[in-house]
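Open the model in your viewer and keep the selection tool ready. The stops below say what to pick next and what is there.

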Amino acid sequence: MSEVVLEVRDIVFSYDDSPSQRILDKISFKAQKGEFVSLIGPSGCGKSTLLRILARLIPPVSGEVIYKGKRLYAPTREISFVFQDFALLPWLTNLENVKIGLANSEISEEEKKRKASGMLEKMGLESVADYYPNALSGGMKQRVGIARAIVSDPNVLLMDEPFSSLDELTANALRGDVVSMLKSSDISVNSVIMVTHNVEEAVEISDKIVVLSNKPTKIKQEMQLKLSYPRNRHSKVFMQAVDKVYELLTK
Amino acid sequence: MDFISFIALIVLDTTASWLRMFAALFLSILLSIAVGIYAATSRKAERIILPVVDIFQTLPILAFFPFVIYIFVFLLPGYIGINAAVIFLIVTSMAWNIIFGVYEAVKVLPNEFVELADLYDMSSWQRVRKIFIPAAMPRVVEQSVLSWSIGLFYLVTSEIFSIGNANYAVKYGIGVALAQLAFSGNYLYYAIGIAVFIAFVVATRFLFFRPLELHFTKYNRVSEESKKHFALHFGIAKAFNYLPKLVRAPAKRLRAISAFRRARHPAGASRNAGAHAALPREGIKNLKIKGLKKGLGGIAALVLAMLLLAVVLRYPVVVHYEYEALVSLAVSFARIWLAFAAILAIAFPVCVYLIFISKHRNSYLLFFQVIASIPATILLPIIVIALKGYALHSELTAFVIFFLSGIWYIIFSVIASSTSISGEIFEVKRLFGIKGKSAWKYIYSRALLPGLITGSVTAIAAEWNASIVAEYFTTTGISGTNVVSSVSVGIGKLLDVSLGSGNITLMIIALLNLTAMIIIVNTFLWKRLYRKVSNTYK
């Protein structure tokens, strides 16, 4: 647990129309190999913006994103992204949507199809491969979204409130599946960085919680969680951890 | 002519044109309020009015202009007749979407309002005045802005058309004045005239429609704010942001129709409409399509019956006319679709560039919006002059006019529909590095397809509208009518020539063929295509 996979250094971000007002103010943290990091903070504090900067979907005003010791300037195949609202292309079938994750790979069309089908099967979606996303429930859509994100064997997975568009029961089921899949050794993802505003969710699945403050957004505190998986939401240690995060957030 | 009197004259001419426009707008609003409220409050009326309005708004009514002129001049003394014809024509371009606006605004009123009226024992007239009209006014204003720009195209084209027909000349108007300037070789004044025209367009938007909008939307300012289509920083661009709406109107209609096809609820399930906010819309869609089918069947039957009757009565001339009309229609069809292909070949890459690649979309938009506010036919005189002397110059003129009449509709429709593409799709493209061929295959072509289809309907209708001047263009000189530009065969030319020779039978047959063809193409090509696309996209 010592090798740093992804590191952000002094990220500053502000919108073009008001450069003096900083949305993100000197954010720095590290994600280590095998680590599951949650970024938690009040609504509108710029969590999603920060995650998009990590993926280099948007450039920061200043600061660096460093992946395995090299500075990043553009999205890389090694770092993948799961969107809050799934971002599936409505005109492509679910299988084709997963294949989009391999658009940039130099493998044959046959191979892409085989890999995408395999990934859908792993997510329990093989029966809807040839349907369009509009035929699926929210939970299934997000499974397709996750399949697309990991089909290209990325090293780091960024997730932007992946369960917040789903109802409580669906979110719980998918969260459980995602955690056990990410902890298992048969997929390539080493580190996960997830943005959430749900404290229980963060405590349930993270090794480390980074608590953000608002206006401007800074890092308030980093908190290591050394609980074993699967975590019981009703255990005393769990509830203590939850209380502590709430305390940090409201302080 | 010295500069001052030139400016005065051009301003007077434009004012004359604008008077026609305001008269037409006023009449359109009166008509729309009456018809729209009637359709929204009577089920029987609804079933007839909606499908008829839906068909009329996709017909290239300008092609009926020679016919309308003939009728009006026949009925009313010369100068009044021609102006009445122009105003009538503009009304037929303006009214349809205002009718739909009034209808929808009244239809979605909560049932409580009707109950309230019952409670206070209001008369029908009181209901109309106190409830329906105030409820409909914001939509009336919104739709009027669109209607104005459609009307401008009709106005200019009908004015340009009239200059070649000494018996039917409008005499005063910006279209007339500009054509005369161009043909007298006064290109500088011609350019200044176009600038004056644009100034009038901008001023009307700011000084007439903007205050009306503010007045009638003061109850729902919030939704007004949320209606920003693009981040338009420029005040002037704001004034023009009705243009994307213009092409969105038919899109809305197509959407409503396709949504109906998907809905499983039987028609009339929402009898108790007002009680549930979501239900009445469903009801609207149901009715629309059911009536539409009947309306289509009715019109087709009518066309057939009239043709048969005519054939029986006037055989063999009618058969010859029908042959002539079909050949002309086929040739014009080829010409218009060739120009349409050229439009797609240029507009589509431009749209992809503007939407997916350019970082200065808003500045380009401003440019396009100002350009698009000029009806293409106002450029006809200068295009004719510029192309004179080239081989096939009449064909070239027609092609250029068709091209310019249609291209803006495609660009604006695609850009307007692109605002509904979620921002995440742009991110998916970057994240997974989708470039080159795959980007065209998986993203561009698919994401822009709905806008492309709705834009195509309006673009092609605009081309057919332009055909009466693009295919056959005449001016009147001392020695009589000069044919300045004329293709060998074409439906626009056929209509013009039949007016000139007073052959009303031929004109009616040509119009029936044109109408039938437009309805067939819209029903079997565009509506089908749109339904197919929108079913998978939702």
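Start by selecting A:Phe81: its bridge partner in strand 7 of chain A is A:Leu158. Strands here are DSSP runs (E, at least two residues), helices are runs of H or I of at least four residues, and both are numbered from the N terminus. Now show strand 6 and strand 7 (residues 156–160) of chain A; four bridges join them, and they run parallel. Two strands count as paired if DSSP finds at least two bridges between them.

A word on the model before moving on. It is predicted: local features need pLDDT of at least 70, side-chain atom pairs count only at pLDDT 80 or more, and totals for chains, interfaces and linings use all residues. Residues are numbered from 1 along each chain as its sequence is written, chains are lettered from A and ligands numbered from 1 in the order in which they are written, and side-chain values use heavy atoms, without hydrogens and water.

**Stop 1: the six-stranded sheet of chain A**

Widen the selection to the open sheet of six strands, in the order 6-7-8-3-9-10, with mixed pairing. Its edges are strand 6 (79–82) and strand 10 (219–224) of chain A, each pairing on one side only. Ignoring direction, neighbouring strands are turned by 15 degrees against each other on average. Add helix 7 (residues 236–250) of chain A, which packs on the sheet and touches strand 3 (36–40), strand 9 (208–212) and strand 10 of chain A. The direction of helix 7 makes about 170 degrees with that of strand 10 of chain A. Axes are lines fitted to C-alpha atoms, for helices over the stretch in contact, and angles run from 0 to 180 degrees between N-to-C directions.

**Stop 2: strand 3 of chain A**

How many of the five residues of strand 3 of chain A are buried? Five of the five are, so the strand is largely enclosed by the rest of the structure. Buried means under 20% relative accessible area (1.4 Å probe, protein chains only). In a regular strand, side chains alternate between the two faces of the sheet. Colour A:Phe36, A:Ser38 and A:Ile40 for one side, then A:Val37 and A:Leu39 for the other: both faces are covered.

Stay on A:Val37. Its bridge partner in strand 8 of chain A is A:Ile193, and its partner in strand 9 of chain A is A:Lys208. Strand 3 pairs with strand 8 (residues 191–196) of chain A over five bridges, in the parallel sense. Four bridges join strand 3 to strand 9 of chain A, again parallel.

**Stop 3: the four-stranded sheet of chain A**

Select the open antiparallel sheet with strand order 2-1-4-5. Strand 2 (24–32) and strand 5 (70–71) of chain A each have a single partner strand, so one side of each is left without a neighbour in the sheet. Strand 1 (residues 4–13) and strand 2 of chain A are antiparallel and joined by six bridges. Pick A:Phe13 to find its bridge partner in strand 2, A:Leu24.

**Stop 4: helix 17 of chain B**

Switch to chain B, with 21 helices and two strands. Of its 538 residues, 56% count as buried.

Select helix 17 (residues 423–431) of chain B, where the buried residues include B:Glu424, B:Ile425 and B:Glu427. What covers the buried residues of helix 17? Helix 1 (47–54), strand 6, helix 2 (94–100) and helix 4 (138–150) of chain A are among the cover, together with helix 18 (436–447) of chain B. Just after helix 17, B:Gly433 takes a positive phi of about 60 degrees.

**Stop 5: helices 1 and 6 of chain B**

Show helix 1 (residues 3–41) and helix 6 (residues 124–162) of chain B: their axes come within 8 Å and cross at roughly 140 degrees. That makes helix 1 of chain B oblique to helix 6 of chain B. (Under 35 degrees is roughly parallel, over 145 roughly antiparallel, 65 to 115 roughly perpendicular, and the rest oblique.) The contact includes B:Trp18 and B:Phe22 of helix 1 and B:Trp148 of helix 6. Contact means heavy atoms within 4.5 Å.

**Stop 6: two buried polar side chains** Select B:Thr204 in helix 8 (residues 187–216) of chain B. At 7% relative accessibility, B:Thr204 counts as buried. Not counting residues up to four places away in sequence, B:Thr204 touches B:Trp18, B:Phe22, B:Trp148 and B:Phe209.

Finish at B:Asn97 in helix 4 (residues 78–107) of chain B. Is B:Asn97 buried or exposed? At 6% relative accessibility, B:Asn97 counts as buried. Leaving aside neighbours within four places in sequence, B:Asn97 is in contact with B:Gln57, B:Gln143, B:Leu146 and B:Ser147.

Technical notes
Buried means under 20% relative accessible area, exposed over 50%, partly exposed in between (1.4 Å probe, protein chains only).
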